[in-house]
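Got your viewer open? Load the model below and keep the selection tool handy, and we'll take the stops one at a time.

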Amino acid sequence: MLIPSLLIWLLTPIIGFLGLKYSLYWKARAITGLSGFIFLGIGLPGLATNLMKRAIGRARPMHLEEFGTTYFQPHFLMDKAWTFQSFPSGHTTTSFAAAVVVFLLAGRRWGAVAFMLAGFVAISRLVIGAHFVTDVLAGSLVGTMGALAVHYLYVRKLGGFKLINGANHVQWYAPFKLHRVKG
């Protein structure tokens, strides 16, 4: 989801320089804003998690007998550094952030499917022994709250979403709105 949304986010503004019709320009601008929301809504929580897990340095379950559950050794450059990057779970963070983005853009039905899949990802991280329960819970919290923070930014500062009676609606105005020329 990140690579296509980033490419679209970066390439669609170029369409404005091609001298297209006014309505096509605004359609491109709407796609730019939407793909930017998808990229930031998933990418920023993932980036935050990657920085946190390196700064915290929690040992993965493979080191349980050697170090226990509360061994932390922060480090950024070290051999086998990935074995000390358990908290929070990056896969869980990304899957929950994606679920929030899907929920906000596609509604309850697809959002429920996305959250169910995110739950399966979280459980799989426990089953394969890559994370502790607290790692997965923290990842789900960071992913959910991070995507909601990006959504808040779009609602309050950038436009693109409107809250109507507490429900989220995609609002197609700057940077999203498709303006139509009468006549």
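In which helix is the place of Leu 137? Select Leu 137 and you land in helix 6. Keep in mind as you click around that this is a predicted model.

**Stop 1: Leu 137 and a neighbour in space**

Show Leu 137 as sticks and turn on the surface. Is Leu 137 buried or exposed? Leu 137 is exposed, because its relative accessible area is 53%, and the cut-off for exposed is over 50%. Now add Thr 92 to the selection and draw a C-alpha to C-alpha distance: it should read 8.3 Å, although Leu 137 and Thr 92 are 45 residues apart in sequence.

**Stop 2: Thr 93**

Step along to Thr 93, which sits in helix 4. Its relative accessible area is 0%, so Thr 93 counts as buried. Which residues is Thr 93 in contact with, once its neighbours within four places in sequence are left aside? Select Pro 45, Gly 46 and Thr 49, then add Gly 139, Val 142 and Gly 143, and you have the set.

**Stop 3: helix 4 against helix 5**

Stay with helix 4, residues 90-106, and colour helix 5, residues 108-127, next to your selection. The two axes come within 7 Å and cross at roughly 175°. An angle over 145 degrees counts as roughly antiparallel, and helix 4 and helix 5 are therefore roughly antiparallel to each other.

Next, bring up the side chains where these helices meet. On the helix 4 side, pick out residues including His 91, Thr 92, Ser 95, Ala 99 and Val 102. On the helix 5 side, the partners include Arg 108, Trp 110, Gly 111, Ala 118 and Arg 125. Try colouring the contact by class: you should get 12 nonpolar, five polar and two charged residues.

**Stop 4: the aromatic pairs**

How many aromatic pairs does the structure hold? There are three. Start with Phe 37 and Tyr 154, which form an edge-to-face pair, 5.3 Å centre to centre with 70° between the planes. Phe 37 lies in helix 2 (residues 22-56) and Tyr 154 in helix 6 (residues 133-158), so this pair ties together parts that are 117 residues apart in sequence. Hide the surface to look at them, as Phe 37 and Tyr 154 are both buried.

Then jump to Phe 103 and Phe 115, another edge-to-face pair, with 6.5 Å centre to centre and 65° between the planes. Phe 103 belongs to helix 4 and Phe 115 to helix 5, 12 residues apart. Put the surface back on here: Phe 103 is partly exposed at a relative accessible area of 35%, and Phe 115 is partly exposed too, at 30% relative accessibility. Add Phe 96 to the selection, and you have one aromatic cluster made up of Phe 96, Phe 103 and Phe 115.

**Last stop: zoom out**

Switch to cartoon and colour by secondary structure. The chain has six helices and two strands, and reading along the sequence gives the pattern α-α-α-α-α-α-β-β. Of the 183 residues, 37% count as buried. With the surface on, you are looking at about 10,900 Å² of accessible area, 69% of which belongs to carbon and sulfur atoms. Finally, among contacts between residues at least 6 apart in sequence, 65% join residues at least 24 apart.

Notes. Residues numbered from 1 in each chain as written. Predicted model: local features only at pLDDT ≥ 70, side-chain atom pairs only at ≥ 80, totals over all residues. Heavy atoms only, no water. Helix = DSSP H or I, 4+ residues; strand = E, 2+ residues; numbered from the N terminus. Buried < 20%, exposed > 50% of the residue type's maximum accessible area, 1.4 Å probe, protein only. Contact = heavy atoms within 4.5 Å. Areas by Shrake-Rupley, 256 points an atom, 1.4 Å probe, with all protein chains shown as cover. Phe/Tyr/Trp six-rings, centres within 6.5 Å; stacked < 30°, edge-to-face > 60°. Axes fitted to C-alpha atoms, helices over the stretch in contact; angles between N-to-C directions. Parallel < 35°, antiparallel > 145°, perpendicular 65-115°, else oblique. Nonpolar A, V, L, I, M, F, W, Y, C, P; charged D, E, K, R; others polar.
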